[in-house]
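Please examine the model below with attention to its enclosed spaces, its sheet and the confidence assigned to its residues.

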Amino acid sequence: MASKSSSGPSSGSVSFDRAAGFYDSSRTLSPEGEAWVTELLGAELAGRGRCLEIGVGTGRVALPLHRSGLPMAGVDISPKMVDRLVEKAGGRPPFPLALADATALPFGGGTFGAALAAHVFHLIPPWRQGVAELARVVRPGGVVLVDLTGGGGQLFLDVRERFAAAAGLERVHVGVADPGELQDCFASLGATSRDLPRFEEPGQVSLDGLIARFERADFSYTWRMDDETRHRAAGEVRAWAKATYGSLEKVRATSSTIGWRAYDLPGGDPGAKGA
Ligand SMILES: C[S@@+](CC[C@H](N)C(=O)[O-])C[C@H]1O[C@@H](n2cnc3c(N)ncnc32)[C@H](O)[C@@H]1O
């Protein structure tokens, strides 16, 4: 098991304990995609010192970076996700890990040279506190790399919106909903931002298969619904999808975008990397 620190004050964030068993199979990235992302992030992180990933989960992003030789560290509020990471690494923590909340990091100021946040800010209601914590624990002149793209492509997004509306949910995400808000928050701390090159991951999906994933609560925002609401919403979405797209069984091509944004923190040595 990972080294345990305090799990921090309750921030109302969404723990992924219930997803630990299926999370990796729900976020499949081709070997080419994984290699591309690891190289992209590796080029940004190399030479900066240790990099902290908040919401490190099962290590989907951090483990390949660690294997490529980068010094990593991770925190998560879900013991089961972190257990899975350790299991994937052969039974021992591959790098320092702590059970801790991104809104109250158990590290001193300037501990890290860089940080990562992949698919996590939308799960944290007080996400601005998480941004402030990253700006505190990453050294001046360091970089914070954020991936807010969820994957899945336009068909996924259309079904997701429809499902949320059918279930009577006002907001899909409890945390950041608009990437512009995140950018404004980093800017208010003096950070400048850059879009990193994007990767398009082709995939295939049937509407039947996709709607079934919402119905069986594969996605965290559906965990706020009871079983009856999910089944009812799935029925409504099936009827809408059939009327809108035709066959639910037909396998359709999709394309998901993986898009990272770099936030360069102010200060530090002007000659240093990222300054
Ligand atoms: C969608 S998963 C992403 C995991 C990993 N970053 C990836 O991209 O595969 C989100 C992770 O963030 C964790 N999480 C949610 N809120 C958090 C918080 N406030 N502090 C730390 N971890 C958090 C969840 O438990 C979950 O493991």
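The structure, a predicted model, holds 2 cavities of 30 Å³ or more. On a 1 Å grid over the protein atoms alone, a cavity is a set of points where a 1.4 Å probe fits but cannot get out, and its lining residues have an atom within 4 Å of a point. Grid points are joined across faces, edges and corners, and a volume is the space filled by probe spheres set on the points.

The largest cavity contains about 300 Å³ of space. Its lining comprises 26 residues, of which G55, V56, D76, V120 and L123 are the closest to its centre. Strand 1 (51-54) and strand 2 (72-76) are the elements that give two or more residues to this lining; strands (E, at least two residues) and helices (H or I, at least four) are DSSP runs, numbered from the N terminus. By character, the lining of the largest cavity divides into 15 nonpolar, 6 polar and 5 charged residues. Here Ala, Val, Leu, Ile, Met, Phe, Trp, Tyr, Cys and Pro count as nonpolar, Asp, Glu, Lys and Arg as charged, and the others, Gly among them, as polar.

The second largest cavity has a volume of about 50 Å³. Among the residues that line this second cavity are V14, H122, L123, V172 and R224. Its lining divides into 5 nonpolar, 3 polar and 1 charged.

The sheet is open, with 7 strands in the order 3-2-1-4-5-9-6 and mixed pairing; two strands pair if DSSP finds at least two bridges between them. Strand 3 (97-99) and strand 6 (192-195) are the edge strands, each pairing on one side only. Neighbouring strands of this sheet are turned by 20° against each other on average, direction ignored. Axes are lines fitted to C-alpha atoms, for helices over the stretch in contact, and angles run from 0 to 180 degrees between N-to-C directions.

Strand 5 (residues 138-147) and strand 9 (residues 260-264) run antiparallel and are joined by 5 bridges. A262 in strand 9 is the bridge partner of L145. Helix 2 (residues 31-45) packs on the sheet, touching strand 1, strand 4 (112-118), strand 5, strand 6 and strand 9, and its direction makes about 165° with that of strand 5; contact means heavy atoms within 4.5 Å. Helix 7 (residues 179-188) lies across strand 5, strand 6 and strand 9, running at about 15° to strand 9.

The protein chain has a mean pLDDT of 92, and 93% of its residues reach 70 or more; pLDDT is the predictor's confidence in each residue, from 0 to 100. Over residues 1-9, pLDDT stays under 50.

Residues are numbered from 1 along each chain as its sequence is written. Local features need pLDDT of at least 70, side-chain atom pairs count only at pLDDT 80 or more, and totals for chains, interfaces and linings use all residues, while side-chain values use heavy atoms, with hydrogens and water left out.

Methods. 1 Å grid on protein atoms, 1.4 Å probe; cavity = no way out; pocket = protein on both sides within 12 Å on 5 of 7 lines; lining within 4 Å.
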